[in-house]
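Reader: I'd like a close look at one part of this model, the helix packing in one chain, and then a stroll outward to whatever else is worth a glance. Could you walk me through it in one go?

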Amino acid sequence: MTALTDDTLPVTPRAMRDEMILFAVMALLLASVPFTGVYPFFVMQALCFALLACAFNLLIGYGGLLSFGHAMFMGTAGYCSGHALKVWGLPPELGILVGVAAAFGLSLITGYISIRRQGIYFSMITLALSQLLYFIYLQAPFTHGEDGIQGIPQGHLFGVFDLSKPTVLYYVVLVGFLAGFLLIYRIINSPFGEVLKSIRENEPRAISLGYRTDQYKFLAFVLSGTLAGFAGALKVFVAQNASLTDVHWSMSGEVVLMTLVGGLGTIFGPVVGAFVIIAMQQYLAGFGQWVTVIQGSIFVICVLTFRRGVIGEIAHYFRRSM
Amino acid sequence: MQALYAQLLVGLINGSFYALLSLGLAVIFGMLNIINFAHGALYMMGAFCAYFLLNLGGINYWWALVLAPIIVGIFGMILERTMLQWLAGLDHLYGLLLTFGIALIVQGVFQNYFGSSGLPYAIPDQLRGGMNLGFMFLPVYRGWVVVFSLVVCLATWFLIEKTRLGAYLRAATENPTLVRAFGINVPRMITLTYGLGVGLAALAGVLSAPINQVRPLMGADLIIVVFAVVVIGGMGSIMGSIITGFALGVIEGLTKYFYPEASNTVVFVLMVLVLLVKPTGLTGRAA
């Protein structure tokens, strides 16, 4: 079996410097958005999905595990944050904490179950678990079934930042996204991340070297799920609702698509992919179900001809990891 | 008791669909090393095919039972020749992603033209009505679906496990290079295998058309349940797929009677339990 990413480039100090420059450029570009007149809601939404895709990419790109149920973490965190904010009246920082804690708990359970099988079975199990959760949320009283939790108050973060002001909210979401992104970057380049990559490349060999690969994969799963939950908790403040679409399998599919388009196993790929897919949905919203057809076509084209993704192709051309 | 038997029957019917679909998935996975995410969409195409044959061509149910699997099977073989074959040697996950994309395209196109509501398909005259079995009332069509599915499943099992063609197939699953060296056209066999698996899905679609309405998304949720069935049963054994499919259908039916709230989730919960107790699945070898 060939690895998912066919060219692994060495991480040199120079490459890391380049990545930090790229990160600074990205942060500056995103920070200047409110001054450009671009609709901030669109960018905020894209940032939440970008973080979700980055968290998903941590698992597939560096651990070789394709989760087809990552929407369950986003949806669970969204429901729990939304409930805490609206019904319990908690302040935003605690609301986020509740959502992240719920995603953490969920990833402990689902990780324990799904990590028992590899490869294709892992994907099917995560998909089935997310469908199980979908039906639970459909019937549970606190999620309000088909209606979802609507009109979630945004409140004041730390009692200071008024999140109902779009610009304030934008910067809060941006800081959240950048923090999550940096954390993932740190994980990838840590000794833990290196072991994870070795498991992706050749699991039996990693085992023979004495690594308990199951524990590494489990930890990667929990980190990924918790970060996906953080993305979901942030999204509650942007969308002000939590609904069943966030836990549906089609949402999990979209996350896969974003990462695939941007480049599996690249650092910036999921961000680019998220912006591309969200922009596409925005512009093609009037075409109804043709959006699904176009998404399917992108899947097919990417898998057949464009497996490295946008950033992966650029990185391959410049022989750099990005 | 009547309600219990009725739910058991519904369970058996769902079990027939699980068995036919997971059987096709197992056969395809054996030869192509691909989990066919498009299986649900192709099942839906089978049902639509029967609908078109009846309403546009005036071709009745019995012919649809033969023609729809062939038509959809040919469509599947075209997919295999034009797309899936290029994935040989790549990670399994790409096959999953590609077929997921195909499923989105097919379901999206049908949704555009037929919306999300269901189209009716009448039960053929010969299979209308019901029989009184003394302990319950059996609608003839439902009984027919269970019996016919069972026959098709066993025939597929016989074809793969007991005939010469099946022996080639199993050999090519184990070692395609060696089988090619014996002068057998393995790529053509792969194409035909995919066609067979897809044909089984389409056949299930035709069978379900008169029971569940013909809808563009009829296969979308079903395929996820079938994935859970496959995880429970493992894909190593044909008979294992058949038995697990029917058994899970019956368990689902019983759940509908005793605790209806859990009927949507019981298969997934069972999957979790099986993974906790025996991670390789009931009949599967280590992956």
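Author: Here is the helix pair, followed by its surroundings and then a few spots in the other chain. Keep in mind that this is a predicted model.

Let's start with the packing itself. Two packed helices are described by the angle between their axes and the distance between the axes. In chain B, take helix 5 (residues 140-162) and helix 8 (residues 186-208): their axes come within 11 Å and cross at roughly 170°. Since angles over 145 degrees count as roughly antiparallel, helix 5 of chain B is roughly antiparallel to helix 8 of chain B.

Who does the touching? On the helix 5 side of chain B, the contact is made by B:Tyr141, B:Trp144, B:Val145, B:Phe148, B:Ser149, B:Val152, B:Thr156 and B:Leu159. Helix 8 of chain B answers with B:Leu196, B:Leu200, B:Leu203, B:Val206 and B:Leu207. Sorted by class, that contact has 11 nonpolar residues, 2 polar ones and no charged ones.

One of those names leads on to another helix. B:Val206, which takes part in the contact from helix 8 of chain B, is also in contact with B:Ala64. B:Ala64 is found in helix 3 (residues 61-82) of chain B, and at 0% relative accessibility it counts as buried. Leaving aside neighbours within four places in sequence, the other contacts of B:Ala64 are B:Ala50, B:Leu53, B:Ile59, B:Pro69 and B:Tyr121. For a sense of scale, the C-alpha atoms of B:Ala64 and B:Ala220 are separated by 22 Å, with their positions 156 residues apart along the chain.

Next comes helix 2 of chain B, which runs over residues 39-57. Helix 2 of chain B has 19 residues and reaches 26 Å from its first C-alpha to its last, close to the 27 Å expected at 1.5 Å a residue. Helix 2 of chain B is mostly covered, with 14 of its 19 residues buried. Just after helix 2 of chain B, B:Gly58 takes a positive phi of about 65°.

Ahead of that helix there's a backbone detail you may like. Most residues other than glycine have a negative phi. B:Asn33, though not a glycine, has a positive phi of about 60°. B:Asn33 is found in the loop between helix 1 and helix 2 of chain B, and it is partly exposed, with a relative accessible area of 39%.

Back up into helix 1 (residues 2-32) of chain B and you'll meet B:Asn14. B:Asn14 counts as buried at 18% relative accessibility, and, not counting residues up to four places away in sequence, it touches B:Glu252 and B:Lys256. There's another long hop in sequence here: B:Met31 and B:Ala171 are 140 residues apart in sequence but 9.8 Å apart in space, C-alpha to C-alpha. B:Ala171 has its place in helix 6 (residues 164-174) of chain B and is partly exposed at 32% relative accessibility.

Now over to chain A. Helix 6 (residues 119-139) of chain A has 21 residues and reaches 31 Å from first C-alpha to last, close to the 30 Å expected at 1.5 Å a residue. Of those 21 residues, 17 are buried, so helix 6 of chain A is largely enclosed by the rest of the structure.

Chain A has its own non-glycine with a positive phi: A:Gln240, at about 60°. A:Gln240 lies in the loop between helix 10 (213-239) and helix 11 (249-262) of chain A, and it counts as partly exposed at 30% relative accessibility.

Finally, the charges. Side chains of opposite charge can pair when their charged atoms come close. A search of the whole structure finds 8 salt bridges over all chains, and here are some of them. A:Glu194 and A:Lys197 meet in one at 3.4 Å, N to O. These two sit 3 residues apart in helix 8 (residues 191-201) of chain A, so they are separated by about one helical turn. A:Glu194 counts as partly exposed at 40% relative accessibility, whereas A:Lys197 is buried with a relative accessible area of 15%. Another pairs A:Asp18 with A:Arg17, at 3.4 Å, N to O; A:Asp18 is buried, with a relative accessible area of 19%. A:Glu313 and A:Arg308 form a salt bridge at 3.7 Å, N to O. A:Glu313 is partly exposed at 27%, and A:Arg308 is partly exposed at 24%.

Technical notes. Residues numbered from 1 in each chain as written. Chains lettered and ligands numbered in written order. Predicted model: local features only at pLDDT ≥ 70, side-chain atom pairs only at ≥ 80, totals over all residues. Heavy atoms only, no water. Axes fitted to C-alpha atoms, helices over the stretch in contact; angles between N-to-C directions. Helix = DSSP H or I, 4+ residues; strand = E, 2+ residues; numbered from the N terminus. Parallel < 35°, antiparallel > 145°, perpendicular 65-115°, else oblique. Contact = heavy atoms within 4.5 Å. Nonpolar A, V, L, I, M, F, W, Y, C, P; charged D, E, K, R; others polar. Salt bridge = Lys/Arg side-chain N within 4 Å of Asp/Glu carboxyl O. Buried < 20%, exposed > 50% of the residue type's maximum accessible area, 1.4 Å probe, protein only. Expected span 1.5 Å × (residues − 1).
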